Each structure stands twice: as structure tokens, then as C-alpha cells.
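Visitor: I should like to learn how the features of a structure are read. May we go through them in turn, with the structure in view?

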Amino acid sequence: MGDLRIEIQKSAHNLVDIGIDMNICVGSYASSVKSKHCTIYMVKDKENKNVCCIELSSDLSIIQAKEYHNQRVSSEATFEIIKAWAEKHDIYYEKCYDLSNFIAPSHSSDAPVRGIIMDQDLHF
């Protein structure tokens, strides 16, 4: 986990660049981010390369976590940093399909309602 960090993405330009780099549609989320319907975070490696793009809903649930070409999380190191970040900030991640390779099935049906985290870069 020491080589990975999670950063909030605040500009539409960054979202477009990430979308092009990772071949994902996150560039189209600029209006949703601006209206605070969601927040976008990036898992980055020590060379500042994009690893995983996280969409966080306004109720603090991870909606999706996409690696390159819309692949779900495949690296245990990526999952572990997302899990540690989520637990530290009371973010609900257990129902996110893109993390399901690493999560044991749960019998809980609803995510708790939470508020949104804004304007912070989070490093581990």
C-alpha cells in the first residue's frame, strides 16, 4: 500500500485526461461532479500513474472502481488501499461490484446514508 495513494479529482480537464489515458468514460462525469452528485478519486502509483478510478456517491458509497479499459479491481494492493481509505472515512464499499473479487458475500441489504467528502487529497 505504501506505493499507492488516493487523490480527489477536482477539474473537468483532469477527468477528460484520465478518461483518455485509461480508456474509460470518466470525462463525461464533470457535470455530476460539479453538481456534487458524485466525487471522483484516483488511485495513483509512486510514479503518479493512474491505477484505478473511483466514483463516490454523495451518500459516501463507492459506486464503481475502474482500472484501465473499465476492468474491475484486479490487484489486492489496489483493493487494500481502497478498503483502508473507505474504512478510515466511513465510506461504504462492500456492495461495489468492481471490488467484489476481494469481498466476502454479505447478507446486509442497505448501505448506510452518509454525507460527501469534498476538497481533500488523501495519502497513505
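Guide: Let us begin with strand β1: 5 of its 5 residues are buried, so β1 is largely enclosed by the rest of the structure. Buried means under 20% relative accessible area, exposed means over 50%, and partly exposed lies in between (1.4 Å probe, protein chains only). Helices (H or I, at least four residues) and strands (E, at least two) are DSSP runs, numbered from the N terminus. This is a predicted model, in which local features need pLDDT of at least 70 and side-chain atom pairs count only at pLDDT 80 or more, while totals for chains, interfaces and linings use all residues. Residues are numbered from 1 along each chain as its sequence is written, and side-chain values use heavy atoms, with hydrogens and water left out.

Visitor: Which residues of β1 lie on its two faces?

Guide: Arg5, Glu7 and Gln9 are on one side, and Ile6 and Ile8 are on the other; all are buried, and both faces of β1 are covered.

Visitor: How is the sheet arranged, and what is the order of its strands?

Guide: Two strands pair if DSSP finds at least two bridges between them. Here an open sheet of 4 strands follows the order β1-β2-β3-β4, with antiparallel pairing. β1 (5-9) and β4 stand at the edges with a single partner strand each, so one side of each has no neighbour in the sheet. Direction ignored, neighbouring strands of this sheet are turned by 25° against each other on average.

Visitor: How many bridges join β1 to β2?

Guide: β1 and strand β2 (residues 38-44) run antiparallel and are joined by 5 bridges. Within this pairing, Ile8 has Tyr41 of β2 as its bridge partner, and Gln9 stands opposite Ile40 in β2.

Visitor: What joins β3 to β4?

Guide: Strand β3 (residues 50-57) and β4 are antiparallel, with 4 bridges between them. The two strands form a hairpin with 4 residues between them, and Leu60 in the turn has a positive phi of about 65°. As for enclosure, 4 of the 5 residues of β4 are buried, so β4 is largely enclosed by the rest of the structure.

Visitor: Which strands do the helices α1 and α3 meet?

Guide: Axes are lines fitted to C-alpha atoms, for helices over the stretch in contact, and angles run from 0 to 180 degrees between N-to-C directions. Contact means heavy atoms within 4.5 Å. Helix α1 (residues 12-22) lies across β1, β2, β3 and β4, at about 130° to β3. Helix α3 packs on the sheet and touches β1, β2, β3 and β4, its direction making about 35° with that of β3.

Visitor: How should one read a salt bridge, and how many does the structure hold?

Guide: Side chains of opposite charge can pair when their charged atoms come close. The criterion is a side-chain nitrogen of Lys or Arg within 4 Å of a carboxyl oxygen of Asp or Glu. The structure holds 2 salt bridges. In one, the side chains of Arg5 and Glu7 meet at 2.7 Å, N to O. Arg5 counts as buried at 17% relative accessibility, and Glu7 likewise counts as buried at 17%.

Visitor: Where is the salt bridge of Lys66?

Guide: Lys66 pairs with Asp98, the closest N and O atoms being 3.0 Å apart. This pair links distant parts of the chain, with Lys66 in strand β4 and Asp98 in the segment after α3, 32 residues apart. Lys66 is buried at 16% relative accessibility, and Asp98 is buried with a relative accessible area of 4%.

Visitor: Is Gln64 buried or exposed?

Guide: Gln64, found in strand β4 (residues 62-66), is buried, with a relative accessible area of 18%. Its bridge partner is Glu55.

Visitor: Which side chains make polar contacts with that of Gln64?

Guide: A polar contact is a pair of N or O atoms within 3.5 Å; within protein, one must be able to donate a hydrogen and the other to accept it, and residues adjacent in sequence count only if both atoms are side-chain atoms. The side chain of Gln64 makes such a contact with that of Tyr29 at 2.9 Å, and with that of Glu55 at 2.7 Å.

Visitor: How many aromatic pairs does the structure hold?

Guide: A pair of aromatic rings is described by the distance of the centres and the angle of the planes. Rings of Phe, Tyr and Trp (its six-membered ring) pair if their centres lie within 6.5 Å; planes under 30 degrees apart count as stacked, over 60 as edge-to-face and the rest as tilted. The structure holds 3 aromatic pairs. The ring centres of Phe79 and Tyr93 are 6.3 Å apart and their planes stand at 65°, so this pair is edge-to-face. Phe79 lies in helix α3 (residues 76-88) and Tyr93 in the segment after α3, 14 residues apart, so that the pair links distant parts of the chain. Both Phe79 and Tyr93 are buried, and with Phe102 they form one aromatic cluster.
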